[in-house]
Amino acid sequence: MNTQIAVSMLSADMLHLHDELEKLKQAGADILHFDVMDGMFVPNISFGLPVLQAVSKQTDLFIDVHLMIQNPVDYIQDFAKAGADLITFHLESSSNPFEVIKLIKNTGCQVGISVKPATPAKALLPFLDDIDVILVMTVEPGFGGQSYLHEMTAKIAEIKSMMQDRNIKIEVDGGIDATTASEALQAGATILVSGSYLFNQREMRKAIEQLRN
C-alpha cells in the first residue's frame with residue numbers, strides 16, 4: 001500500500017480554518033484527521049459537529065473522524081451526516097464495539113478502531129474481518145505535541161502480522177516526524193497522522209513528502 005499522510009486538525013489555526021484547508025490541499029495532504037474529544041474519555045475537549053460540517057463543505061479531502069469519546073454509539077449517525085468518510089472509535093470506549101461497527105457500516109462510512117498504548121494488539125482479533133483501518137496510538141490520546149512512544153513500534157509490527165492477507169490499513173497517531181515516520185512505516189504502518197510537526201514547518205509540502213518517503 002502507498003503511504004498516506006493524514007494531517008491532524010487539532011494543530012490548525014482555528015481562526016483561519018479556510019486558509020489552513022487550502023494550505024493542506026496545496027501541500028499534498030491525503031487525509032484530514034479530525035480529533036473529537038469529550039473531556040471524559042480523554043482529559044481534553046476539542047471540536048465537534050458544527051466545525052466538521054463547516055470543514056466538509058470547504059474541502060474535498062478525505063475526512064477521518066477520530067472519536068475519542070466515551071459513548072461513540074450515540075453519535076455515529078451525526079458525524080456521518082456532518083461529512084465523515086472514515087469514523088474511528090476507541091476499543092476502550094463504553095460502547096459495544098460490534099454495535100458501533102454495524103452502525104458505521106450502515107452509514108456508508110469506512111470503519112476504524114483505535115487502541116491506546118496500554119491495549120494489547122490481540123484485543124483487535126475479533127474485529128479484523130469487519131474493519132477498514134486500525135489506528136495505533138503512539139502517545140496517550142488527548143493532547144497534541146507529545147513524543148512518540150518507541151515501544152509501540154513492536155505493536156504495529158504485531159498488528160501487521162495479525163492481519164495476514166486482510167486489506168486493512170494501519171494508521172499511526174502520535175509524535176510522527178521525519179525521524180519516527182520511518183520507524184512506523186518499517187513496522188507496517190500505511191497512514192501517518194501528523195499535526196504539530198507539519199504545521200510548524202515552513203514548507204509543508206516538502207515535509208509531507210519527507211514523511212511519505
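Contact here means heavy atoms within 4.5 Å. Keep that in mind as you click around this predicted model.

**The whole chain**

Start zoomed out, with the chain drawn as a cartoon. You should be able to pick out eight helices and eight strands. Turn the C-alpha trace along its principal axes and you'll find that it spans about 45 × 35 × 30 Å. The radius of gyration is 16 Å, which agrees with the value near 17 Å for a compact globule, because the chain has 213 residues. Of those 213 residues, 52% are buried. If you like contact maps, here's one to pull up: among contacts with a separation of 6 or more, 64% are between residues 24 or more positions apart.

**Asn71 and the pocket**

Now select Asn71. You'll land in the loop between β3 (62-68) and α3 (76-82). Is Asn71 buried, exposed or partly exposed? Asn71 counts as partly exposed because its relative accessible area is 33%, between the 20% and 50% cut-offs. Leave out residues up to four places away in sequence, and Asn71 touches Ser94 and Ser95. For a sense of distance, draw a line from Asn71 to Leu86: these two are 15 residues apart along the chain, and their C-alpha atoms are separated by 17 Å.

Keep Asn71 on screen, since this residue is also part of the lining of the second largest pocket. Add the other lining residues: Val36, Met37, Asp38, Met40, Phe47, Gly48, Leu49, Ile69, Gln70, Tyr75 and Phe79. The pocket they surround has a volume of about 150 Å³. Colour the lining by residue class and you'll get eight nonpolar, three polar and one charged.

**Into the core**

Phe79 gives you a way inwards, as Ile87 touches it. Centre on Ile87 and show its other partners beyond four places in sequence: Val65, Leu67, Ile76, Ala80, Ile104, Cys109, Gln110, Val111 and Gly112.

Ile87 also belongs to the largest nonpolar core, which has 63 residues. Which residues have the most contacts inside that core? Select Leu24, Val65, Ile87, Leu124, Ile131, Ile156 and Leu198. In soluble globular proteins, nonpolar side chains tend to be buried together.

**Ile5 in the first strand**

Next stop: Ile5, in strand β1 (residues 4-8). Ile5 counts as buried because its relative accessible area is 0%. Beyond four places in sequence, its contacts include Ala29, Asp30 and Ile31, along with Leu192, Leu198, Ile208, Leu211 and Arg212. Leu198 should ring a bell from the core list. For contrast, look across to Gln58, 53 residues from Ile5 in sequence and 19 Å from it in space, C-alpha to C-alpha.

**Lys25 on α1**

Jump to helix α1 (residues 17-27) and pick out Lys25. This one is partly exposed, because its relative accessibility is 40%. Apart from residues up to four places away in sequence, Lys25 touches Asp60 and Leu61. Now stretch a distance line to Pro120: Lys25 and Pro120 are 95 residues apart in sequence and 35 Å apart in space, C-alpha to C-alpha.

**Thr138, then Gln164**

Go on to the loop between β6 (133-137) and α5 (152-163), where you'll find Thr138. Is this threonine buried or exposed? Thr138 is buried, because its relative accessible area is 0%. Show what surrounds it beyond four places in sequence: Ser147, Tyr148, Leu149, Met152, Ile156, Val172, Asp173 and Gly174. Ile156 is another name you've met in the core.

Follow the chain past α5 into the loop leading to β7 (169-173), and stop at Gln164. Check the backbone there: Gln164 isn't a glycine, yet has a positive phi of about 55°. Gln164 counts as exposed, because its relative accessible area is 67%.

**Last stop: Glu203**

Finish at Glu203, in the loop between α7 (196-199) and α8 (204-212). At 53% relative accessibility this glutamate is exposed, because the cut-off for that class is over 50%. As a parting distance, select Glu171 too: Glu203 and Glu171 are 32 residues apart in sequence and 24 Å apart in space, C-alpha to C-alpha.

Technical notes: Residues are numbered from 1 along each chain as its sequence is written. This is a predicted model: local features need pLDDT of at least 70, side-chain atom pairs count only at pLDDT 80 or more; totals for chains, interfaces and linings use all residues. Side-chain values use heavy atoms; hydrogens and water are left out. A nonpolar core is a set of buried Ala, Val, Leu, Ile, Met, Phe, Trp, Tyr and Cys residues joined through side-chain atoms within 4.5 Å. Buried means under 20% relative accessible area, exposed over 50%, partly exposed in between (1.4 Å probe, protein chains only). Helices (H or I, at least four residues) and strands (E, at least two) are DSSP runs, numbered from the N terminus. On a 1 Å grid over the protein atoms alone, a cavity is a set of points where a 1.4 Å probe fits but cannot get out, and a pocket is an open set with protein on both sides within 12 Å along at least five of seven lines; lining residues have an atom within 4 Å of a point. Grid points are joined across faces, edges and corners, and a volume is the space filled by probe spheres set on the points. Ala, Val, Leu, Ile, Met, Phe, Trp, Tyr, Cys and Pro count as nonpolar, Asp, Glu, Lys and Arg as charged, and the others, Gly among them, as polar. The radius of gyration is taken over C-alpha atoms; the globule rule is 2.2 Å times the number of residues to the power 0.38.
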